[in-house]
Amino acid sequence: DIAMDMDGFGDLADDDFDGAMGDDCTMGDGGTNGTANGASPTLPGAGTKKPTASVEAKVKDEDIPTENMKDGPENDLSFAGMATAESSYSAATDSSDINFADVTHDVDGVRCLRFYWIDLYEEAREKPGSVHVFGKVPRVDKKSGRTTFASCCMHVNNIERKMYFLPRSKKLDDKGQETDEDVTIRDVYQEFNDIISNKYKIMRYLSKKVTKNYCFDIPGIPASSDYLEIKYAFSYPALPSDLQGKTFSHVFGTSTSCLERFVLEQKLKGPCWLQIDEPKKPHANSSWCKVELLVDKPDEVKLVQDHLAPPPPPVVVMSMRMKTMINPKSRSHEIMAICCRTHYNIPLTKPVKTIDKVKLDMSSFSANVKKGSDDPVYEPPA
């Protein structure tokens, strides 16, 4: 199966499609739902190693270090599983302080809650590697004791870039001419570790060997091949989309956004129920939502199976109308009056025509622009 992203093509999670791989193509493991004989194998050799030691070690081609760290400033070493030290959404309290009706313990004893997501937003420059997810969570009304739904903003941190390096069949020399030397995944890893990571100041990254299938029309891309997968934090710079080396000819996934990676990795196909494991409270709220949550790792956000999901929660809908007039000085439209009507508890599973308008909870307001004595009085154009 093939999956597309918002920009055309992009990345998918390893455990299912492990799919789309960049700007121009979508890749998967093949087979049912994009997997070929299970998930991609994790190579031996995991651990923190210095670049020189890992490169000089005489080991098999498959023994590529899966975790790599280079010397550098401590505040640059942020990657999945580690909360960014300077993040404004660092956790303050445990999720036990959050009073929700369906906060339960699953079979593994992990504290979790249900979250119905509706929209997402990304601040790529201000908070790289973070995504804001907006939706609703069930909450117990302290006065009546009944379950209601409150607006919620969930901050997901530590989302990583993921890129795939396609090895060349033959290594190139310093003049760019093809030699008779075959290229291995180890050679691609060594070039990235020695040259690419130093050039773009990528101080920490994860790597492994994967097998991918290709289904688009870029010339020179094999239908199935081994790739070197590289993961690192969004706080480090992205690689150029046309990057090539002596041992690799293409790099896929260089321009995949943080929001796109989160949506595809977690398989968010539209508004639906999510299970949030070990949610925390941020130190300070950054939205107008009644509830805010902090998630340190994207893997803590999981889909709720359709047969286990409750009905969607009701939503709040506002209809708005504005009256504008032309300013005779600037010749531009200016808002003179605005009217709004807010409808509460609109069900998403029923047609609007079937809703009992008599019992519908709603409110309305209007506002007019008050002009000063020195301001001109606008007249409608003839």
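1. A residue counts as buried when its relative accessible area is under 20%. With that cut-off in hand, strand β9 is a good place to start in this predicted model. Strand β9 covers residues 160-167, and 8 of its 8 residues are buried, so the strand is largely enclosed by the rest of the structure.

2. Which residues of β9 point one way, and which the other? Glu160, Lys162, Tyr164 and Leu166 point one way, while Arg161, Met163, Phe165 and Pro167 point the other way. In a regular strand the side chains alternate between the two faces of the sheet. Here the residues pointing either way from β9 are all buried.

3. Now for the partners of β9. Strand β13 (residues 224-233) runs antiparallel to β9 and is joined to it by 6 bridges. To find this pairing on screen, look for Tyr164, whose bridge partner in β13 is Glu229. Strand β14 (residues 248-252) also pairs with β9 in the antiparallel sense, over 4 bridges. A handy marker there is Pro167, with Phe248 as its bridge partner in β14. Strand β14 is itself mostly covered, with 4 of its 5 residues buried.

4. Between β13 and β14 the chain forms a loop, and Asp242 lies in it. Is Asp242 buried or exposed? Its relative accessible area is 62%, and the cut-off for exposed is over 50%, so Asp242 is exposed. Asp242 and Thr254 are 12 residues apart along the chain, and their C-alpha atoms are separated by 9.1 Å.

5. Helix α3 deserves a visit too. As with β9, the count is complete: 8 of the 8 residues of α3 are buried, so the helix is largely enclosed by the rest of the structure. They are Cys258, Leu259, Glu260, Arg261, Phe262, Val263, Leu264 and Glu265, a list that includes Glu260, Arg261 and Glu265 alongside residues such as Leu259 and Val263. What do these buried residues pack against? Their neighbours are β6, β7, β8, β9 and β18 (301-303). Just after the helix, Lys267 takes a positive phi of about 60°.

6. Phe262 of α3 leads on to the largest nonpolar core. That core has 24 residues, and those touching the most other members are Phe115, Leu120, Val133, Met154 and Phe262. At least two residues of the core come from each of β6 (111-122), β7 (131-140), β8 (147-156), α3 (258-265), β15 (272-277) and β17 (291-295). Leaving out residues up to four places away in sequence, Phe262 touches Leu120, Val131, Val133, Val156, Ile159, Leu268, Pro298 and Val301. Apart from this core lies another, of 21 residues, among them Val188, Tyr189, Leu228 and Ala233.

7. Further along the chain there is an open sheet of 3 strands, in the order β19-β20-β21, with antiparallel pairing. Why is one side of β19 and of β21 left without a neighbour in the sheet? Strands β19 (315-326) and β21 (362-368) stand at the edges and each has a single partner strand, so one side of each is left without a neighbour. On average, neighbouring strands of this sheet are turned by 10° against each other, direction ignored. β19 pairs with β20 (residues 333-346) over 11 bridges, and Ser319 stands opposite Arg341 of β20.

8. Stepping back to the whole chain, the secondary structure comes to 3 helices and 21 strands. Of the 382 residues, 43% count as buried. Among contacts between residues at least 6 apart in sequence, 64% join residues at least 24 apart. The accessible surface comes to about 21400 Å², and 51% of it belongs to carbon and sulfur atoms.

9. A last word on confidence. The chain averages a pLDDT of 73, and 67% of the residues score at least 70. Where are the values under 50? One such stretch is residues 100-104, for which the model has 22 contacts beyond four places in sequence. Residues 376-382 also have a pLDDT below 50, and that stretch has 11 contacts in the model beyond near neighbours in sequence. Where pLDDT is low, the predicted coordinates should not be read in detail.

Terms used:
Residues are numbered from 1 along each chain as its sequence is written. This is a predicted model: local features need pLDDT of at least 70, side-chain atom pairs count only at pLDDT 80 or more; totals for chains, interfaces and linings use all residues. Side-chain values use heavy atoms; hydrogens and water are left out. pLDDT is the predictor's confidence in each residue, from 0 to 100. Contact means heavy atoms within 4.5 Å. Buried means under 20% relative accessible area, exposed over 50%, partly exposed in between (1.4 Å probe, protein chains only). Two strands pair if DSSP finds at least two bridges between them. A nonpolar core is a set of buried Ala, Val, Leu, Ile, Met, Phe, Trp, Tyr and Cys residues joined through side-chain atoms within 4.5 Å. Accessible areas come from the Shrake-Rupley method with a 1.4 Å probe; for residues, only the protein chains shown count as cover. Axes are lines fitted to C-alpha atoms, for helices over the stretch in contact, and angles run from 0 to 180 degrees between N-to-C directions.
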